[in-house]
Amino acid sequence: MKRVLLTAAAATFLSLGAGIPLAMAQAASSPAMGSKADAKALEKQADADYKAAKKACNAMKGDAEKQCMKDAKATHEKAEADAKAMKEKAKADEKAMK
């Protein structure tokens, strides 16, 4: 029982830790500023973070795994939305400069 709890705690820690680089990337480059290249980099980072989070979730079982997957997906969707907003802002800025 103790081993199961330690495994679940470790997996939770890893899954939460996987979202930290993404959160830092989002804070460093908000959708309000950035170029199309920055948006593409943010999308790539979001995909990599999502893949790592899903891998960490696979170590869990039952409701913990479901919640972990749900959180990972929500974080990924938020990052994708931020990248899309950044891309649209870059397009608008580019158009305004012409």
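Methionine 86 lies in helix 3 of this predicted model. With a relative accessible area of 1%, methionine 86 is buried. Its C-alpha atom is separated by 9.2 Å from that of leucine 42, a residue 44 places away along the chain. Leucine 42 is itself one of the buried residues of helix 2. That pair makes a handy way into the rest of the chain.

Stepping back, the chain has 3 helices and 0 strands. Read along the sequence, that gives the pattern α-α-α. Out of the 98 residues of the chain, 21% count as buried.

Helix 2 takes in residues 36–57 and helix 3 residues 62–97. Helix 2, with its 22 residues, reaches 31 Å from its first C-alpha to its last, close to the 32 Å expected at 1.5 Å a residue. Helix 3 has 36 residues, which at 1.5 Å a residue should span 52 Å. The end C-alpha atoms of helix 3 are 53 Å apart, and that agrees.

How do these two helices sit against each other? Two packed helices are described by the angle between their axes and the distance between the axes. For helix 2 and helix 3, the angle is about 175° and the axes are 8 Å apart. An angle over 145 degrees counts as roughly antiparallel, so helix 2 and helix 3 are roughly antiparallel to each other. Sorted by class, the contact of helix 2 with helix 3 has 13 nonpolar, 1 polar and 12 charged residues.

Next comes the question of which residues of helix 2 are tucked away. Ala39, Leu42, Ala46, Asp49, Ala53, Ala56 and Cys57 are the buried ones in helix 2. They cover an arc of only 100° around the axis, which puts them on the same side of helix 2. An α-helix has 3.6 residues a turn, so residues three or four places apart point the same way. On the other side of helix 2, Ala37, Lys40, Lys44, Lys51 and Lys55 are exposed.

Helix 3 has its own buried set: Cys68, Ala72, His76, Ala79, Asp82, Ala83, Met86 and Ala90. Alanine 85 is found in helix 3 too, but with a relative accessible area of 31% alanine 85 is partly exposed. The C-alpha atoms of alanine 85 and alanine 39 are separated by 8.4 Å, though these two residues are 46 residues apart along the chain. Alanine 39 is among the buried residues of helix 2. Glutamate 80 lies in helix 3 as well, and at 37% relative accessibility glutamate 80 counts as partly exposed. Measuring from C-alpha to C-alpha, glutamate 80 and lysine 44 are 9.4 Å apart in space and 36 residues apart in sequence. Lysine 44 is one of the exposed residues of helix 2.Charged side chains also pair up. A search of the whole structure finds 4 salt bridges. In one of them, the side chains of glutamate 43 and lysine 87 meet at 3.3 Å, N to O. Glutamate 43 lies in helix 2 and lysine 87 in helix 3, so this pair ties together parts that are 44 residues apart in sequence. Glutamate 43 counts as partly exposed, at 26% relative accessibility. Lysine 87 is partly exposed too, with a relative accessible area of 28%.

Another salt bridge joins lysine 78 to aspartate 82, the closest N and O atoms being 3.0 Å apart. What separates lysine 78 and aspartate 82 along helix 3? The two are 4 residues apart, so about one helical turn lies between them. Lysine 78 is partly exposed, with a relative accessible area of 45%. Aspartate 82, at 10%, is buried, because buried means under 20% relative accessible area.

A further salt bridge brings together the side chains of aspartate 93 and lysine 89, at 2.9 Å from N to O. Aspartate 93 and lysine 89 are 4 residues apart in helix 3, so they too are separated by about one helical turn. Aspartate 93 is partly exposed, with a relative accessible area of 35%, and lysine 89 counts as partly exposed at 33% relative accessibility.

Definitions and conventions. Residues are numbered from 1 along each chain as its sequence is written. This is a predicted model: local features need pLDDT of at least 70, side-chain atom pairs count only at pLDDT 80 or more; totals for chains, interfaces and linings use all residues. Side-chain values use heavy atoms; hydrogens and water are left out. Axes are lines fitted to C-alpha atoms, for helices over the stretch in contact, and angles run from 0 to 180 degrees between N-to-C directions. Angles under 35 degrees count as roughly parallel, over 145 as roughly antiparallel, 65 to 115 as roughly perpendicular and the rest as oblique. Ala, Val, Leu, Ile, Met, Phe, Trp, Tyr, Cys and Pro count as nonpolar, Asp, Glu, Lys and Arg as charged, and the others, Gly among them, as polar. Buried means under 20% relative accessible area, exposed over 50%, partly exposed in between (1.4 Å probe, protein chains only). The expected span of a helix is 1.5 Å times one less than its number of residues. The arc is that of the directions from the helix axis to the C-beta atoms.
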